[in-house]
Amino acid sequence: MKSFFGFLFGLFCALMIVLLAGESPLYILEILVRSSFGSKYDFGLTLFYMTSLIFTGLSVSTAFKSGLFNIGAEGQLNFSAICMVVFATSYPGITFPGSLLMILLVGILSGAIWGAIPGLLKAYRGSHEVIVTMMLNFVSAGISSYFISQKLQNPDSQNPESPIIGDAFRTNFFDFLNKLFPESPVNLFFVVAILAAVAMYFFFTKTALGYEMIAVGENPSAAERASISSKKFVVISLVLSGVLASGAGMNEVVGYSGQYKIGFSPEFGFMGIAVALMSNNHPLGIIANAFIMSVFHKGASDLDIETETITKDFSKIIQAMVLFGVGLQYYLNKYGVTFSFFNGFFKKKKLNSSGRV
Amino acid sequence: MEINSIPEIEFSNVGKRFGNVWANRDISFGIHSNTIHAIIGENGAGKSTIMKILFGIYSADAGTIKLNSKEVRFNSPIDAMKYKIGMVHQHFMLSPAHTALENVLLVDPNQKALESYFKKDKIEKIKATAKLYKFDIPWDTLVRDLGVGIQQKIEILKLLCLDNQILIFDEPTAVLTPHEIDELLNQLLELKKQGKTVILITHKLKEVKRIADTITIFRKGQMVGTYPASELDEKEMASRMVGKPVSFEKRSFEKFSGKDQLLKLDNVKFSYENKDFHFNFTLHRGEILGIAGIEGHGQEKLIPFILNVKKYSYTGSTTILGKDAQKLGPNGARELPIGVFPEDRLRLGVLPELKAFQNFILGYQRNSKWFSKGILDWTKIKTLTQTMFDKFKVEPNNINLDFHAFSGGNQQKIVVARELFHGPEIIIAAHPTRGVDIGAIELIHEQLILAQEKGKGVLLISSELDELLKLSDRILVVRNGKIMGEQIRANFCEKEIGRNMLGVVT
Amino acid sequence: MGEIDIFSLSFILSVLRVSTPLIFAAQAGLLSEKSGVVQIGLEGFMLAGAFSGAVFAHLTHSSYLGFLMAFVCGACASFLFSLLVVRLKTDAIVAGTGFNFLMVGLIPFLTKFIFNSTGSTPPIPIELRLSYEVTVFAFAVVLGIYFLISKTRWGYWIQFAGEYPDGLTACGVSVDKVRWVSVFLCGGLAALGGASLSLFLSSAYSPLMTGGRGFIALSALILGKWKPLPTLMGCLVFGVFDALQIRLQGVPINGFTIPVQWIQILPYVLTIVLLAGFFGRSQAPAYLGKR
């Protein structure tokens with residue numbers, strides 16, 4: 001709730017930009033709402049985005065909790081997605097349910113590896129995690145591009161995408177959630193994402209391991225004195241972060257399309273940063289803010305069609321403004337001047353009526 | 001001594017409030033030009049606050065300040081500097097990554113942005129000023145490689161280069177050895193001779209008596225009064241500071257019988273970050289063992305060493321509570337009943353942004369009192385924290401507040417409460433009363449003595465010689481990572497300890 | 001072609017070409033970080049510069065004017081960043097990430113507004129394209145910054161702002177003012193890096209044309225230990241890999257074609273390896289990112 005003011009501020013700024021461009025902010029809001037909730041299909045698509053954003057939001061916030069900035073969620077979800085597809089196409093003969101378990105394991109492991117690399121380098125070589133995770137984003141993009149263009153190009157398609165993996169590796173045929181939203185991509189992993197958020201909430205508030213991880217983030221030197229190894233937790237938290245990000249890859253590959261499409265993620269990893277910051281890293285807040293973000297994301301694609309001047313990148317502007325707003329909110333909270341605009345107003349009045357103090 | 005009738009600086013009814021607490025209230029006094037004016041009071045009496053208001057770090061919530069009869073209001077130190085006011089802070093304002101000369105060159109009253117930094121005439125002028133005030137400074141050494149005494153001289157030189165008229169010194173002797181203190185006091189007299197006004201914030205009465213012309217006494221945020229230094233003797237100053245007659249009584253010690261050893265470092269030698277350490281001492285049951293030394297001479301290094309012996313490669317042997325330290329588990333001495341008041345509370349002891357009760361388990365988070373099967377029992381933790389808050393009279397008595405919201409004294413009380421909660425056999429107390437108000441100091445000293453009377457052992461590391469002399473049964477003096485001397489209570493000699501701190505062995 | 005002669009003039013020239021945007025951006029980042037402001041927003045500044053450079057070159061039919069305007073626009077954009085980070089003490093990493101987002105979102109908005117296109121600007125005629133004078137200028141900037149930082153009073157203010165800001169305040173110099181100016185120059189210089197992409201390496205702005213160069217520049221800065229000349233060397237190393245990657249596309253070596261993607265990811269892998277400490281621990285300014 002602390003960050004809500006920042007969020008409103010960001011939204012307000014973004015709508016002001018809309019006004020500058022000659023569109024009516026109310027009309028924009030109307031399109032956003034219609035686009036996200038207009039039909040079962042639309043709503044299902046919104047929830048599909050939301051699923052990925054919960055995963056990446058949790059990923060980024062878990063790293064934040066232990067004092068690390070993971071801008072590599074994008075690379076982690078990407079890497080796990082391509083690994084799962086490569087695995088499923090390499091061993092098409094595995095049967096259900098082993099197939100499903102194996103592909104999920106591959107997804108989790110690959111996410112973990114992509115998180116462990118910056119974790120280990122940070123802990124033992126002192127490399128800055130921001131740079132390493134950013135570089136790994138490029139590397140995983142390169143790797144998937146290599147597989148799609150050189151090894152796994154779908155013969156039936158002109159688009160850069162892999163063939164569709166076997167049904168045994170997918171959840172479609174028993175997916176009850178998907179049946180509620182015909183044609184739309186929302187799937188079982190939505191439930192998994194919610195469960196993951198609840199689990200992370202439990203982890204950070206109830207377990208000693210979670211407490212120790214927060215301690216490392218708050219004050220690594222004091223944690224070290226309390227015989228909590230900050231190196232160990234840097235690795236654990238980034239591995240956990242990578243695993244959570246891989247959920248977004250599963251949502252796409254296992255839950256929905258069954259293939260790797262270049263550009264399937266509209267930078268979910270980066271949107272996760274905004275989600276995590278808006279929620280002040282609170283796992284349950286992430287559910288709410290992932291929803292808000294997915295509404296914007298879903299709506300922005302329709303803005304492109306329905307207005308003259310707004311492009312689908314508009315959601316980026318909203319994200320930027322929200323980040324600025326949330327960043328400012330931290331400042332305001334820290335110096336104890338929340339809503340200082342209003343306070344200042346009242347203070348002045350008081351001074352005038354009672355003279356000098 | 002001749003004093004002009006109009007003071008150079010005049011405070012009238014100045015007040016400063018933090019939250020609901022008045023740090024200063026109704027402060028009115030004057031400081032005359034070309035004098036040494038001491039501001040004395042106990043820790044937390046508000047003496048630093050009033051000077052920070054004068055220097056523009058804080059702004060006053062009430063009252064006015066006049067400078068040469070003109071009302072002034074400073075919003076930042078930059079404003080104060082325009083009026084030729086300078087301050088030597090407790091923490092030096094020097095960049096450790098630059099040389100002494102580069103640090104001094106930074107000050108310049110008429111700065112031009114794009115001129116060369118190393119102008120010859122400026123360097124010469126600085127060196128001439130240093131000569132005038134008899135400062136001997138190694139110009140091309142990085143500040144991080146210099147001792148605090150020299151760093152302080154660089155600080156003072158910076159103010160002199162700015163041609164400041166009023167110089168404020170905030171507890172300048174806290175970090176110095178007796179010999180360096182001597183030197184500094186002479187330099188302050190020299191400054192007065194050159195026509196400067198010197199304001200000295202301190203709680204060390206001996207120094208005040210030696211050099212001050214006038215004295216203002218603070219108690220609990222308010223002013224007791226301003227007196228010519230000649231009117232008060234040390235005893236009188238002390239009783240006015242505390243508000244009741246003070247007797248310099250010596251504590252009588254009841255010696256514990258037997259030679260029960262709690263902690264023994266037998267000829268331990270190790271290296272860390274290119275520095276060599278050599279410790280050889282024993283802490284007995286029922287003993288407060290004081291460790292004296294200039295800060296940064298390795299005495300604090302004892303704490304991480306004792307807690308984590310296995311991470312060091314060393315010769316000799318370490319025995320903690322009868323166990324060879326090498327045979328301890330992966331958490332080292334943390335598994336044994338040892339309580340530690342860390343040398344730097346906020347940096348090493350707590351999670352400032354978390355709530356008080358969350359801090360109460362730091363270091364003991366896997367204690368079976370509240371931990372089982374991976375899960376923490378917060379209800380129980382809160383109850384236990386509350387009982388300790390009541391016992392130690394922590395103010396405000398609210399375990400849900402963020403740790404950093406407590407005052408220094410109450411923060412330290414929380415740390416002490418946490419460390420004593422588990423009934424440690426050994427207590428390592430490093431600078432236990434640094435930045436702590438008088439009430440908390442008394443409480444912490446009481447607790448240490450109580451622990452001693454119960455037969456625990458206390459290792460007291462402190463740079464406050466008075467504290468060591470008051471509490472310790474024995475004092476070891478550490479210099480350059482080695483023990484330079486040992487004294488027992490019967491023949492404590494302050495001068496001798498001071499000489500040992502400087503490396504003179506007799 | 002077979003073997004690639006990395007000592008040929010044409011190869012060296014192509015290294016210099018592709019290094020140029022990095023050199024500007026890395027020196028820009030150096031100014032900002034030396035003064036204690038973490039600079040994640042280089043990518044955004046470069047995008048702003050690439051776009052505004054292309055737009056003004058198109059409108060005025062002069063690449064030089066476009067290049068100049070890129071500096072002005074980048075520097076102006078830095079005001080928003082400084083307002084947030086220097087004045088209002090927002091976390092610089094948060095603000096920098098937001099700043100990158102903002103540029104990614106705002107530019108398509110503007111192209112649609114100005115050119116009614118989907119993101120690219122109209123190309124300038126080939127003869128208007130800038131040439132190696134940009135690279136020469138980039139090297140001059142490096143020298144200039146070297147002298148600024150290590151010889152002048154302003155340079156020392158920047159150093160102290162990053163190493164011990166309280167010390168600077170205690171000498172009557174406003175830390176915020178020093179940081180404002182550093183970030184201002186940083187914005188302008190990084191924008192020049194972007195403009196050299198759209199006016200020197202190509203002849204128009206295309207969406208997301210910086211392709212992570214802002215982050216590569218940041219890595220070069222860290223490899224160069226926040227010193228101007230070693231940072232330049234870092235940029236040239238990345239330039240070599242980039243040029244190599246262009247050369248090796250589709251070229252068989254001993255009958256084996258190295259997949260282009262492998263070479264593309266090489267600089268990133270290299271950054272990780274170099275950062276892992278083979279160059280020794282980096283010495284960041286002590287107060288970088290602290291408030």
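1. In this predicted model, helix H2(C) passes helix H9(C) in a right-handed crossing. Helix H2 of chain C covers residues 42–60 and helix H9 of chain C covers residues 213–223; their axes come within 7 Å and cross at roughly 130 degrees. H2(C) is therefore oblique to H9(C), because an angle that is not under 35 degrees, over 145 degrees or from 65 to 115 degrees counts as oblique.

2. Which residues make this contact in chain C? On the side of H2(C) they are C:Leu42, C:Glu43 and C:Met46, and they meet C:Arg213, C:Gly214, C:Phe215, C:Ala217 and C:Leu218 in H9(C). By class, five of the residues in the contact of H2(C) with H9(C) are nonpolar, one is polar and two are charged.

3. Chain A offers a second pair of helices for study. Two packed helices are described by the angle between their axes and by the distance between those axes. For helix H4 (residues 73–90) of chain A and H12(A), the axes come within 6 Å and the crossing angle is roughly 140 degrees. H4(A) and H12(A) are therefore oblique to each other, and their crossing is right-handed.

4. The residues of H4(A) that take part are A:Ala73, A:Glu74, A:Gly75 and A:Leu77, which meet A:Phe268, A:Gly269, A:Phe270 and A:Gly272 in H12(A). The contact of H4(A) with H12(A) divides into four nonpolar residues, three polar residues and one charged residue.

5. The next matter is the contact of chain A with chain C. Here 33 residues of chain A are in contact with 38 residues of chain C. On the side of chain A, the elements that give two or more residues are helix H5 (98–125), helix H6 (129–151), helix H12 (268–278) and helix H14 (314–334). H14(A) supplies the largest share of that side, eleven residues. The side of chain A that touches chain C comprises 20 nonpolar, ten polar and three charged residues.

6. Chain A is also in contact with chain B: 20 residues come from chain B and 15 residues from chain A. Within chain B, helix H10 (345–349) and strand E18 (375–376) each supply at least two residues of the side that touches chain A. H10(B) gives the most, with three residues. The side of chain B that touches chain A has eleven nonpolar, five polar and four charged residues.

7. Two helices allow a check of length. Helix H13 of chain A (residues 283–306) has 24 residues, and at 1.5 Å a residue these should span 34 Å; the end C-alpha atoms are 35 Å apart, which agrees. H13(A) nevertheless has a kink of about 25 degrees, centred on A:Ala300. For helix H4 of chain B (residues 120–132), the 13 residues should span 18 Å at 1.5 Å a residue, and the end C-alpha atoms are 18 Å apart, in agreement. Just after H4(B), B:Lys134 takes a positive phi of about 60 degrees.

8. Some backbone details in loops also deserve inspection. Where are the cis peptide bonds described here? One joins A:Phe96 and A:Pro97, with omega about 0 degrees, and A:Pro97 is found in the loop between H4 and H5 of chain A. Another joins B:Glu395 and B:Pro396, with omega about -10 degrees; B:Pro396 lies in the loop between helix H12 (378–391) and helix H13 (408–421) of chain B.

9. B:Ser69 is not a glycine, yet has a positive phi of about 70 degrees. B:Ser69 lies in the loop between strand E4 (62–67) and strand E5 (70–72) of chain B.

Notes: Residues are numbered from 1 along each chain as its sequence is written. Chains are lettered from A and ligands numbered from 1 in the order in which they are written. This is a predicted model: local features need pLDDT of at least 70, side-chain atom pairs count only at pLDDT 80 or more; totals for chains, interfaces and linings use all residues. Two residues are in contact if their C-beta atoms, placed from the backbone, lie within 7 Å. Helices (H or I, at least four residues) and strands (E, at least two) are DSSP runs, numbered from the N terminus. Ala, Val, Leu, Ile, Met, Phe, Trp, Tyr, Cys and Pro count as nonpolar, Asp, Glu, Lys and Arg as charged, and the others, Gly among them, as polar. The expected span of a helix is 1.5 Å times one less than its number of residues. The bend at a residue is the angle between axes fitted to the seven residues ending there and the seven starting there. Axes are lines fitted to C-alpha atoms, for helices over the stretch in contact, and angles run from 0 to 180 degrees between N-to-C directions. A crossing is left-handed if the near helix is turned anticlockwise from the far one by less than a right angle, and right-handed if clockwise.
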